[in-house]
Structures are given as structure tokens and as C-alpha cells.
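Student: I've got a model open and I'd like to check the labels people put on it. Can we go through a few?

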Amino acid sequence: MNICINIIVPALKRLTLRISQEDYYDVDFKILIDTPMLEYIYLGDDYLAAYSVTSLPSLVQATLDVGMEYYDEDYIGDDNRFVRAIELIRGVSNAKYLSVIDGTSAALDRADQVLPILHGVTYLELDDLPLAGLSLIPRFLKSAPKLKVIFVKIQPEVNDIEGFDRMLHCTALPNISKNPISLDQLF
């Protein structure tokens with residue numbers, strides 16, 4: 001079953017949308033967001049809905065918490081729903097502050113495509129980045145030409161993996177601070 005939601009509100013400043021749908025194949029949501037004055041957006045779901053986001057020239061902060069934390073080959077099969085994460089990132093590319101939560105990171109990693117240019121992003125947060133998603137760090141660095149601050153939180157269980165420090169060294173990450181900066185400190 002497909003469910004379409006159109007959010008067309010010219011004066012809307014803040015949007016928080018969380019969809020709780022646990023079965024990956026029962027329902028598919030298609031969501032249109034046309035809110036040119038939007039400054040803050042939080043999108044969350046557990047299966048990666050199809051988001052169509054029109055130009056958001058006023059967007060300051062975007063938090064993306066969509067998709068599953070893990071995509072099992074046997075469960076997903078030929079489904080390429082995770083490619084939707086690329087289009088969602090493209091829709092919020094003007095945001096100054098971009099926060100990408102674990103499910104979104106996993107989907108972007110699985111999509112294995114070049115990320116769109118993030119024209120407005122100066123602060124990037126990769127929260128609960130899975131070990132498999134470490135390759136996203138250089139991809140985001142390449143796609144965000146105005147990036148000034150990056151905060152990366154790797155899922156806690158990876159700290160115990162032998163050779164983890166060597167893996168980080170091999171990815172040649174430029175100057176990531178050990179002291180995270182909160183958004184409140186930037187204002």
C-alpha cells in the first residue's frame with residue numbers, strides 16, 4: 001500500500017515528522033515537502049520513505065534519522081530503497097547544519113553513489129556512524145565545500161575492534177577534533 005503525504009505550507013518555519021512503520025514492505029510512504037520558509041527540519045522513519053523536498057533556501061538545520069541501521073542482503077534483496085537517501089540529502093543541501101543519524105548513514109553507505117554537493121553545509125554531524133560507514137566521512141568531506149566543523153560519533157561497539165585505530169589512520173581523515181562542539185556553542 002502506498003500513502004502519499006503532501007506538506008505544502010509556504011510560511012512554515014519548523015517541521016518535525018516521525019513515521020513509525022516497522023514492516024519494511026507493508027506500507028510505502030511518499031512525502032512531498034514544499035515549504036520555502038522552512039528553517040528547521042527533522043525527518044525520521046525506520047524504513048526510508050520516498051521524500052521529495054523542493055528548494056529550501058531558508059533552511060538552517062536538518063536532522064535526518066531515516067532508514068534502517070542495517071541492510072541485510074537476504075532481507076532487502078534487489079530493493080534499492082536506500083538510494084532514496086541520496087535524493088533526501090540533495091533536498092536539504094542548503095542547510096547550514098546537517099545531522100545524519102545511523103539509519104541514514106547505513107542507507108547512504110549502501111547506495112554507494114557520489115553524494116550531491118552540499119552547498120550550505122558548514123557543520124556536519126555523523127551520529128552513530130556504523131563501522132561499515134566509515135567510507136562516508138571522505139565522501140561527505142568531498143561534497144561539502146564550505147564545511148568548517150565535522151563531528152563524528154562512531155557506534156560504541158567498534159571501539160573494541162582490534163585494529164580500529166589503524167583503520168581510521170588509513171582513511172586519512174583531516175583534522176577531526178577530539179573535543180566535539182555542540183550547535184549551541186556556535187551561536
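Tutor: Sure, here come some labels and the values behind them, bearing in mind that this is a predicted model.

Student: Why is Asp 28 called buried?

Tutor: Its relative accessible area is 10%, and buried means under 20%, so Asp 28 gets that label.

Student: What makes Lys 30 partly exposed?

Tutor: Lys 30 comes out at 33%. That lies between the 20% and 50% cut-offs, so it is partly exposed.

Student: How do you know that Lys 30 forms a salt bridge with Asp 28?

Tutor: The closest N and O atoms are 3.3 Å apart, and the cut-off is within 4 Å, so the pair counts as a salt bridge. Asp 28 and Lys 30 also belong to a network of salt bridges with Arg 84.

Student: What makes Arg 18 and Asp 46 a salt bridge?

Tutor: Their closest N and O atoms sit 2.7 Å apart, which is within 4 Å, so they qualify. This pair links distant parts of the chain: Arg 18 is in strand E2, while Asp 46 is in the loop between strands E4 and E5, 28 residues apart.

Student: Why is helix H3 described as largely enclosed by the rest of the structure?

Tutor: Eight of its 10 residues are buried, so the description fits. Among those buried are Gly 103, Leu 108 and Ala 111.

Student: What covers the buried residues of H3?

Tutor: The cover includes strands E6, E7 and E8, plus helices H2 and H4.

Notes. Residues numbered from 1 in each chain as written. Predicted model: local features only at pLDDT ≥ 70, side-chain atom pairs only at ≥ 80, totals over all residues. Heavy atoms only, no water. Buried < 20%, exposed > 50% of the residue type's maximum accessible area, 1.4 Å probe, protein only. Helix = DSSP H or I, 4+ residues; strand = E, 2+ residues; numbered from the N terminus. Contact = heavy atoms within 4.5 Å. Salt bridge = Lys/Arg side-chain N within 4 Å of Asp/Glu carboxyl O.
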